[in-house]
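The following exercises are to be worked through with the sequence and the structure at hand. Each task is followed by a solution in steps.

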Amino acid sequence: MLEVQHLTKYYLNTPVVNDVSFVVKPGEITGYLGPNGSGKSTTVKIITGLLEATTGKVLLDGRDVREDPIGFRRRLGYVPEEAILYSYLTGLEYLQLIGRLRGLPRAEVNRKANQLLDCFSLQSSRHAMISTYSKGMKQRVLISAALLHDPDILVLDEPLSGIDVTSAQLFRYLLNQLAGQGKTILYISHVLEAVEKVCEQVVIIYKGRIMASDSVERLRDLMNVPSLEGIFSQLVEERDLEAVARDIVSAIHS
Amino acid sequence: MSGDPDRPFALLVRHFFGRFFDTESLSPQGDPHVNVNQALGILAAPGAFFVIVCRPLGLWGWSLEVVRYLFLSISMIVMGLIMVLEWDALFPDRRDYQILTPLPLRLSSLFFAKTIALGLFLVIFLIDVNFFGAFFWPGIDQGRHLFNLFMSHLTAMLAGGLFTALSIGALQGVLITLLPGKAYRRTSATIQTVLMTLLVMLLFLTPLLASAMQSLAESANSLIYYYPGYWFIGLYERMRPATHDPVLLRLGTLALRGLWIAAVLFIGTYLPFYRRHARKMLETPEPSASGASRLGSWAGDVIERTLVPRPIESAVFHFIGQTIRRSIKHRLFLATYGGFGVALALMTSRSDHDGLLRLSLMLSFVLISGLRAAFNFPSELRANWAFQITETTDIDEYLTATRKWIAACAILPLFGLLAPAELIFFPWRAALFHLAFGAVLSLLLMELLFLDFRKVPFTCSRLPGKVNLVGLSVAYILGFTLYSSYLADLESWLIHVPAAAAIYFVAVGAACWLLNHWRRGSIKTAAEAFSSPAGLRYDDPDDPVVRTLGLTQ
């Protein structure tokens, strides 16, 4: 079980993540929702060890991950928010690099990398440099890299960004199967429909603070709204969006 | 440069001008405006320096020709270096086309804006490089008619610089005209690297070429006709004779002819193939059907089985090779060191037997220090999260992989390349001893230079301006001199005393082992001090806000 306890991160005296706590249980897909700039990716970077928290801690099976960061990383698969890869490597070379860095034997790396590229329809482009890939192709390489070492914990930050409908559907099936195998999955997104289709639990963050943390069903009942979009609008959106749209149109015409 | 924001064409010119300072090879992470000022300042400095040195000398005849050559060489080589660094910016790149093509702009507007920006860019740098030289030249040349002195100097310098710039532009134009997209991309990168090596080599050979000019001209040696630097000395001589040498005067004709040919080729290829280039840039390259060749796969397998059997070693080893092969910035950086090395080799090969002994040591010093400097420059820094997130083992494996790469892909090939020359110039026993002596010493040098290098090459950020250039230069010059000179003397002695030679090899082996042991110990100590595994460095530590004297430590 992955637990985030009272996580706070300050940038220049401004808390971008403020006393955030939630739990991600094995076998469940937990959605972490919030509008742009709400602190989702900062939380994720702290969980993965790319950033240090100002206060608070991340526990894995009750143990602070800082006690054994290497052990934690061995069990972690991560898809970052932005598809930043070594663009001069080919798709296959990138997976080989990650597989080797994960300590996998050579034959296993090659076999798994080719299999994953094939499953994600990248086989024909495996020898092309990543700089020539589309956004969706890069995203599929990142997902493959995150799964290569069969991790127990998956942290997926906007994994469907730029991905086509078929691949997105495939990915949703994949996540359900992985959750069925007992993996701990944290799914970060601002696309509510995707989260609603995939996640049992959701955590909603707004301006660095947790606004809600419960199952989608319970939140619907509690707030008496039929969809996650309705819940989200009630919790985080303070603006009259129709009025903003009118302002945009008048700005275009002015 | 200022552009009128209300006029799209002026804005385009300004945009393209700014993009010349925004190339990966010139300013990997810098501010373009700072780079303009820095570049102009740095490039004006050599001319000013030579003016100060040469003004009191009162030169004439061949001495005057030599100094003319120094100025001309700087003008030509600097313009060449600028064009090589701007190689990918001569035509609008993919990003330009993707952003500008959907806008209501004609391709001809893009072309003329780019051409004007390029012209401005070249003129500014030409004037900058030659400003002090031309302005104060009348004090160096003792002749009369100050205006004539000034104008003939300026004309020769500008003609020489323009020739180099146009030749390199024309070379790219010809390549883009003749080669299909994929072949162009491959060849272009190789030619850019070769040109960089060549220009840096010529820069360091400038004094040698200047001093060789008189003997080449007086003996009417045909070699003098093959080097464009001498052509423009000929042009200068025609405008303002200093020696009245007939060979130099004939070379002036070649300069004019060369300038015309370069200009015609440049205009003839740059203009018509602009449209074709635009199409090529917007087309996504076809993925290669196959990966590594059969030989490449076999070599990769052998390396993985024998040299880097552990997965992390293998990852880092391949990553270093792939980055050096494919990163323009790193290739050009290493080409600079390569040019320096080739210049040293050429200068040394002219000298005596001891010079040949020093050659391999000099080259290995340049190679290893060059690699260390290149490894410090990040490549696609933001992608280093992949290393951070997967760091799951003792960092010694990462560091060992770096050493193995240097030994297998740099030191071994260097001595392999030198071996035939060694076997030609020395008896085979002496040649083998010399190669073994140099290779073993190179390994020790690598251990010393990489003692505190706790990173995966190309993955750590680098803050500009932190390096103490003066201190570093002194250390390198001292190290270089001691390493190549004194150790060549030691070798000359060792070869005659087998017992001492055996002790030398054992001692170097022991020193390598001790340095490795010390490095591992220091990593362990750091880990114990912080109660966590000592990790790799991904961030160059910034200077503290307040620097204390450390008296309480």
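A nonpolar core is a set of buried Ala, Val, Leu, Ile, Met, Phe, Trp, Tyr and Cys residues joined through C-beta atoms within 7 Å. The model used in these exercises is predicted.

**Exercise 1. The nonpolar core**

Identify which residues touch the most other members of the largest nonpolar core.

Solution. Step 1: the largest nonpolar core holds 193 residues. Step 2: among these, A:Tyr94, A:Tyr187 and B:Phe232 touch the most other members. Step 3: the helix that gives the most to this core is α3 of chain B (residues 61-85), with 15 residues. Step 4: the surroundings of A:Tyr187 may then be listed. Leaving aside residues up to four places away in sequence, A:Tyr187 touches A:Ile29, A:Thr30, A:Gly31, A:Tyr32, A:Leu156, A:Val195, A:Val198 and A:Cys199.

**Exercise 2. Chain B as a whole**

State how many helices and strands chain B has, and what percentage of its residues is buried.

Solution. Step 1: chain B contains 19 helices and 0 strands. Step 2: of the 553 residues in chain B, 34% are buried. Step 3: among the contacts in chain B with a separation of 6 or more, 78% are between residues 24 or more positions apart.

**Exercise 3. Two helix lengths**

Compare the end-to-end distance of helix α9 of chain B with the span expected at 1.5 Å a residue, and do likewise for helix α12 of chain B.

Solution. Step 1: α9(B) covers residues 246-270, and its 25 residues should span 36 Å. Step 2: the end C-alpha atoms of α9(B) are 36 Å apart, so the two values agree. Step 3: α12(B), residues 311-326, has 16 residues and reaches 22 Å between its first and last C-alpha, close to the expected 22 Å. Step 4: α12(B) is mostly covered, with 12 of its 16 residues buried. The buried residues of α12(B) include B:Phe317, B:Phe319 and B:Ile320.

**Exercise 4. Two helix pairs**

Determine how α6(B) is oriented to α7(B) and to α9(B).

Solution. Step 1: the axes of α6(B) (residues 146-178) and α7(B) (residues 181-218) come within 10 Å and cross at roughly 160°. Step 2: angles over 145 degrees count as roughly antiparallel, and α6(B) and α7(B) are therefore roughly antiparallel to each other. Step 3: the residues that make this contact include B:Leu171 and B:Leu175 of α6(B), and B:Ile191 and B:Leu195 of α7(B). Step 4: for α6(B) and α9(B), the axes come within 8 Å and cross at roughly 40°. Step 5: α6(B) is therefore oblique to α9(B). Step 6: as to handedness, α6(B) passes α7(B) in a right-handed crossing, whereas the crossing of α6(B) and α9(B) is left-handed.

**Exercise 5. An arginine in a helix**

Decide whether B:Arg186 counts as buried or exposed.

Solution. Step 1: B:Arg186 is placed in helix α7 of chain B. Step 2: a residue is exposed if 12 or fewer other C-beta atoms lie within 10 Å of its own. Step 3: B:Arg186 has 11 C-beta neighbours inside 10 Å and therefore counts as exposed. Step 4: the C-alpha atoms of B:Arg186 and B:Glu313 are separated by 29 Å, and these residues are 127 residues apart along the chain.

**Exercise 6. The contact between the chains**

Find which element gives the largest share of the side of chain A that touches chain B.

Solution. Step 1: 30 residues of chain A are in contact with 30 residues of chain B. Step 2: on the side of chain A, the elements that give two or more residues are α2 (69-74) and α3 (91-101). Step 3: the largest share, 6 residues, comes from α3(A).

Definitions and conventions
Residues numbered from 1 in each chain as written. Chains lettered and ligands numbered in written order. Predicted model: local features only at pLDDT ≥ 70, side-chain atom pairs only at ≥ 80, totals over all residues. Helix = DSSP H or I, 4+ residues; strand = E, 2+ residues; numbered from the N terminus. Expected span 1.5 Å × (residues − 1). Buried ≥ 20, exposed ≤ 12 C-beta atoms within 10 Å, placed from the backbone. Contact = placed C-beta atoms within 7 Å. Axes fitted to C-alpha atoms, helices over the stretch in contact; angles between N-to-C directions. Parallel < 35°, antiparallel > 145°, perpendicular 65-115°, else oblique. Left-handed = near helix turned anticlockwise from the far one by under 90°.
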